[in-house]
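Thanks for sharing this one. Below are a few numbered remarks to read alongside the sequence and the coordinates.

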Amino acid sequence: QIHAFMDGIARNQSIREIITSSLGDYDGSTAIVRALGSWTQLEELVYGSKIHGPTGCSALGTLLELGVLKLKKLRIEPTNDIGDDGVASLINGLKSIGSSLK
C-alpha cells in the first residue's frame, strides 16, 4: 500500500515539507526515496527512524549529492541501524548541500 500511496503523491510538485516516520518501514523506503526525488520544491525533511536503515540512508545521501533535493532543513531521527555505508553516503550528500541547511 505504501508504494501506491507514494507513487500517487510523488506527482504533487507543491510539497515543501514531509515527515516520513509514519509512512512505513524498511520495505517502504524505496517508494519514499523515489517520491523524494520528484519533489523539487521540498525544503524540509524529517527522515523517520522506521524507514531509513542502510539502504534508505544511502539513497537519501545519493539524492542530496546529486543535487536533486534542495533542502533547507533536514532532521534524521535517531537509529542504530544506518550502517557504515549509510553514514558514508549521508556524509557525502550533506557535504554537497551543507551551506543551504539550517
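**Salt bridges and a helix pair**

1. The count of salt bridges comes to 2. Please keep in mind that this is a predicted model. Both pairs are described in turn in the next points.

2. In one salt bridge, the side chain of K72 meets that of E43, at 3.9 Å from N to O. K72 sits in the loop between α3 and β3 (73-76), while E43 sits in the loop between α2 and β2, so the pair ties together parts that lie 29 residues apart in sequence. As for solvent, K72 is partly exposed, with a relative accessible area of 41%. E43 is also partly exposed, because its relative accessible area of 29% falls between the 20% limit for buried and the 50% limit for exposed.

3. E43 deserves a paragraph of its own. Its loop runs between α2 (29-36) and β2 (44-47). Leaving aside residues up to four places away in sequence, E43 touches R16, K70, L71, K72 and K73. There is a link to another part of the chain as well: the C-alpha atoms of E43 and E17 are 6.0 Å apart, although 26 residues separate them along the chain.

4. The side chains of E44 and K73 form a salt bridge too, again with 3.9 Å from N to O. Here the partners are in strands, E44 in β2 and K73 in β3, and the pair links distant parts of the chain, 29 residues apart. E44 counts as partly exposed at 22% relative accessibility, and K73 is partly exposed with a relative accessible area of 41%.

5. Now to the helices. How many degrees is the angle at which α3 and α4 pack? Helix α3 (residues 53-65) and helix α4 (residues 83-97) pack at about 20°, with their axes 7 Å apart. That makes α3 roughly parallel to α4, because angles under 35 degrees count as roughly parallel. The crossing in which α3 passes α4 is left-handed.

6. If you would like to look at this helix contact residue by residue, α3 contributes P54, C57, S58, L60, G61, T62, L64 and E65. From α4 come D85, G86, S89, L90, N92, G93, L94, S96 and I97. Sorted by class, the contact of α3 with α4 has 7 nonpolar, 8 polar and 2 charged residues.

How values were computed
Residues numbered from 1 in each chain as written. Predicted model: local features only at pLDDT ≥ 70, side-chain atom pairs only at ≥ 80, totals over all residues. Heavy atoms only, no water. Axes fitted to C-alpha atoms, helices over the stretch in contact; angles between N-to-C directions. Helix = DSSP H or I, 4+ residues; strand = E, 2+ residues; numbered from the N terminus. Parallel < 35°, antiparallel > 145°, perpendicular 65-115°, else oblique. Left-handed = near helix turned anticlockwise from the far one by under 90°. Contact = heavy atoms within 4.5 Å. Nonpolar A, V, L, I, M, F, W, Y, C, P; charged D, E, K, R; others polar. Buried < 20%, exposed > 50% of the residue type's maximum accessible area, 1.4 Å probe, protein only. Salt bridge = Lys/Arg side-chain N within 4 Å of Asp/Glu carboxyl O.
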